[in-house]
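Student: Take me through one part of this model up close, please: the ligand site. Add whatever chain background helps me place it.

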Amino acid sequence: MPMAFMLQRNKAAVKAPKKGDGFEFMLRTLVPFLGVFAALAISAVVLLMLKTNPIVAYSAMLQGAFGSISGLSQSLVKATPLLLVGLGVCIAFRASVINVGGEGQIILGSIAGTWMALSFPDLPSAILIPACMTVGFIAGAFWGFIPGLLKARFKVNEILSTIMLNAIALQFMNFLLQGPMMDPEGIKAGTFLAQSARLPESSWLARLIPRTQLHAGLYVALGFAVLVYIFLWRTTIGYQIRAVGLNPNASRYSGINVPFNQMLSLTIAGGLSGLAGVIEVMGVHRRILEGLTGGYGFTGIVAALLGSLHPLGIVPASVLFGGLLVGANTMQRAVQIPAALINAILGLIVLFVSGSALWIHNIIKKRKTAAVVLAPVKDAEQ
Amino acid sequence: MAGMIQQVQMTGIVKRFPGVLACNNIDFDLHAGEVHALLGENGAGKSTLMKILYGMYQLDGGSIAIDGAVRRFHSPADSLDAGIGMIHQHFMLVPTMTVAQNVALGQSSDKKFLLDLKTVTERICELSAAYGLKVNPNDLVGHLSVGEQQRVEIIKALYRGASIIILDEPTAVLTPQEVDDLFIILKKMVKEGHGLVFISHKLHEVTALCDRITVLRDGCKMGTRPAAGVERHELIKMMVGRDLKELSHRDYKPGAERLTITDVRASGDRGTETLKGINLSVHAGEILGLAGVSGNGQLELAECLIGIRKVDSGRILLDGLDIASMKLNERIAKGMAIIPEERMRDGAVNDFSVQDNVFLHDHTDKEFRTGIFLNFKKMAAHAKKLVGEYTVKTPTLETPIKNLSGGNIQKLIMARELARKPTVLIAAQPTRGVDIGASEYIHQRLLMQRDAGTAILLTSEDLDELYALSDRIAVIYEGTIMGVFLRQDTDIQTLGLLMAGIRPGDAPKPDLPIASCEG
Ligand SMILES: Nc1ncnc2c1ncn2[C@@H]1O[C@H](COP(=O)(O)OP(=O)(O)O)[C@@H](O)[C@H]1O
Ligand SMILES: [Mg+2]
């Protein structure tokens, strides 16, 4: 997997969603999705070889993901953490840093948020919920700060360090769930389930549609998509992060602190993943349990790439990926295909999306040169 | 060689690209046994005109006649068949194949089905002996120097029987020594009856090599002149459209010492000591030229001065204040500015817009932000002002800077740095790879800045340029200063020798030794 991300790294340079024209915007948003369809087409061939009718399979998938209120809600439930993780990945990518530590950061965020909610159950929701989110963000940020610092200080490759921190976080969670944080009810009942106590109701995120898990965390994630956009393109820090990612040498020559900005971007990325974790706890499970991360830390990277590393592109990309995850389950049940094939399909999608990014880049480059010629050149000759 | 083309005649050539008339009714002719230069600034249409002859572009008007017969080339294969070859600015070779394989590669073996490398190798050896094209057919192309790769390209064209060969800016990638070698080869080819088109924007090369010179400007032909006896300024006027301003004679009235470099030692990227005790000083209102072959420590010195390379020992005083251990931002705040040598690597963020590139440093300036938010209005106003003031040609402020020409990028970098009104400016190779018009402009700006009281340290490999601009000239060789001279006390020969590390034993010591120079 990391190879695909590295290939993509240079392409971060390509995407500069300034005020591009309509065509460019269309190209950038549409083509990755066409890539998804192409990947599905190839997977259809594989399905055929397994003597499965791809039309049946895909309609099951579509039906499962978006065909009903409950399916759609479930897709959005999955899209929420994907979006938050993806936004973080996007910020890091813009600074030329690859955050593969989403899983660990999600865990840290959920632990901190849960601790907060369990420790202050009597606080009113209006205080407790933001407090939990803040604490979750900070914990995730801390888990992003560590590899950031290692990179800035000792040039430790962030891919390695974030993956290792994932493992540490996972073991830490296991330890807590088997011991200090284990649900007292479970202990009393003798089930000893590896899960935390249930969160106080004051910390629950509102459900948006009855009898579904869709929760208000979706709004928070969408809000952050806008914030991240503003952050990257309207603030001095965002400007520096993008400069560092596009040309570290020129940044250095201009007095921009390259290692600091990379560390900062990884810290923020961690924070957003941490937020995804605490929101997942408060909105869906209302407690920490095993398998809480659901692979969002990795899938979020793919969503970020599919969204062209642009905050507002990651929104539909996350929804699509949420749908794919939900739909894939339905499909697997409907046509009885091995789970590994689902992963293969997702992998193909990554490949096609990265490939189409390169293709778009070439087209836009050609058009840009033409555009420069076309635009009236301000004749400034003395 | 039988069937050599005697004459090529291009008449009334018109070529349009979306929104630009790249060739506007151009006549061009070439005879066997001559080198005909196409001279013009970037974007004049030189490459386009020749790509039409080579069949890469289709003409929109006009005609091409070979030995009197009108021909139309639909592809490079067509024109190759007719005996016309082109060597592009970017070579088209496969690095993982040998020279012989590369030469054989383009040959469609319509008769033979097997690759007959032995015959190819023999033919390469013949060609290489006949024209002095030294290459080993069995070398991997990836292992060859740029100059050698170019020879392979020439052999490729000759192998395919090209009697007319077009060379698109062949010297742009070569070292001076390689340029000399190339010219010897080209002259031999002319003697053998080939006709050559030599594309360039360098005047001295064109006059040294060619028989006739055709000048293009903005897609129009400005005229053809015989190279013998042509006046340099006439060619410049044809290229640029106006006379270049003479650099006026200037009074040298140095002010206070602004920058003092004492015993500065520093290591290069490989860890070896590259600066071995540099002593220099630059005064307000003077340009100190630093001459030297590149790689003798100029880059490292500039980096030490601006603060992105660690100084191992020594002092750097800016207006009397030791800045040797200060961060770059502090130095900039104290009045330091740099025009980096590697413009595209260190001076600009290619994918950023023109406007964003203006603020690589200044975006933190209170004037251009409100809290952490960028103030786009003020940024745009400032960028617009600079673009106008420094005559940077760009379609819009939003255009990615990589779409601008080298000269315009350099003007923008210069505008950005000078807008801060620096007290000390380090200008590292400011005109390298920049066309004549922009170079002239940059020179004028540097002089204006000098007259405004800035202390300027100018490095350049181009001695003529240094000699024309500097008030004093220092020579750097292997990380030491070989000497510092007042401009009028030295000449280009002396400087050239010093640059090669040779101290002319009989040359008189400069009457002003370093110390008294400063006083
Ligand atoms: N393939 C192309 N598409 C569009 N415009 C082009 C193309 N090639 C060249 N041009 C334009 O034509 C003009 C002449 O370019 P060119 O022949 O490359 O100039 P030169 O070789 O003299 O530097 C320039 O304005 C350039 O932008
Ligand atoms: Mg050209």
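Tutor: Start with how chain A is wired: of its contacts between residues at least 6 apart in sequence, 77% join residues at least 24 apart, where a contact means heavy atoms within 4.5 Å. This is a predicted model, so local features need pLDDT of at least 70 and side-chain atom pairs count only at pLDDT 80 or more, while totals for chains, interfaces and linings use all residues. Residues are numbered from 1 along each chain as its sequence is written, chains are lettered from A and ligands numbered from 1 in the order in which they are written, and side-chain values use heavy atoms, with hydrogens and water left out.

Chain A has 15 helices and 0 strands; helices (H or I, at least four residues) and strands (E, at least two) are DSSP runs numbered from the N terminus. Of its 382 residues, 56% are buried, with buried meaning under 20% relative accessible area, exposed over 50% and partly exposed in between (1.4 Å probe, protein chains only). The chain's accessible surface is about 16100 Å², and carbon and sulfur atoms own 70% of that; such areas come from the Shrake-Rupley method with a 1.4 Å probe, and for residues only the protein chains shown count as cover.

Now the ligand. Ligand 1 lies between chains A and B. There are 13 residues around ligand 1, and B:G43, B:G45, B:K46, B:S47 and B:T48 come nearest; a residue is near a molecule or strand if one of its heavy atoms lies within 4 Å of it. Backbone atoms on chain B show up in several polar pairs: an oxygen of ligand 1 sits 2.7 Å from a polar backbone atom of B:G43, an oxygen of ligand 1 is 3.2 Å from one of B:A44, and a backbone N or O of B:K46 is 2.9 Å from a ligand oxygen. On its own ligand 1 would expose 560 Å², of which the protein buries 69%. Two elements of chain B, β2 (20-31) and α1 (46-53), each give two or more residues to the shell, and α1(B) has the largest share with 3 residues. By type the shell splits into 6 nonpolar, 5 polar and 2 charged, counting Ala, Val, Leu, Ile, Met, Phe, Trp, Tyr, Cys and Pro as nonpolar, Asp, Glu, Lys and Arg as charged, and the others, Gly among them, as polar.

Follow β2 out of the site and you get to B:E34, in the loop between β2 and β3 (35-39) of chain B. B:E34 is buried, at 6% relative accessible area. The side chain of B:E34 reaches the backbone nitrogen of B:H31 at 3.0 Å and makes a polar contact with the side chain of B:R212 at 2.7 Å. For the record, a polar contact is a pair of N or O atoms within 3.5 Å; within protein, one must be able to donate a hydrogen and the other to accept it, and residues adjacent in sequence count only if both atoms are side-chain atoms. Setting aside residues up to four places away in sequence, B:E34 touches B:D29, B:V190, B:H194, B:G195, B:L196, B:D211 and B:R212.

Another spot on chain B is B:E169, in the loop between β7 (164-168) and α6 (176-191). B:E169 has a positive phi of about 40° although it is not a glycine, and B:E169 is buried at 12% relative accessible area.

Zooming out, the domain assignment splits chain B into domain 1 (7-240) and domain 2 (257-352 + 418-499); the bounds come from an automatic or database domain assignment. The C-alpha centres of these two domains of chain B lie 38 Å apart. Helix α9 (residues 298-306) of chain B has 8 of its 9 residues buried, so α9 is largely enclosed by the rest of the structure. After α9(B) comes B:G307, with a positive phi near 105°.

Back on chain A, A:A269 is in helix α12 (residues 258-285) and is buried, at 0% relative accessible area. Beyond its neighbours within four places in sequence, A:A269 is in contact with A:G88, A:V89, A:A92, A:N99 and A:Q105.
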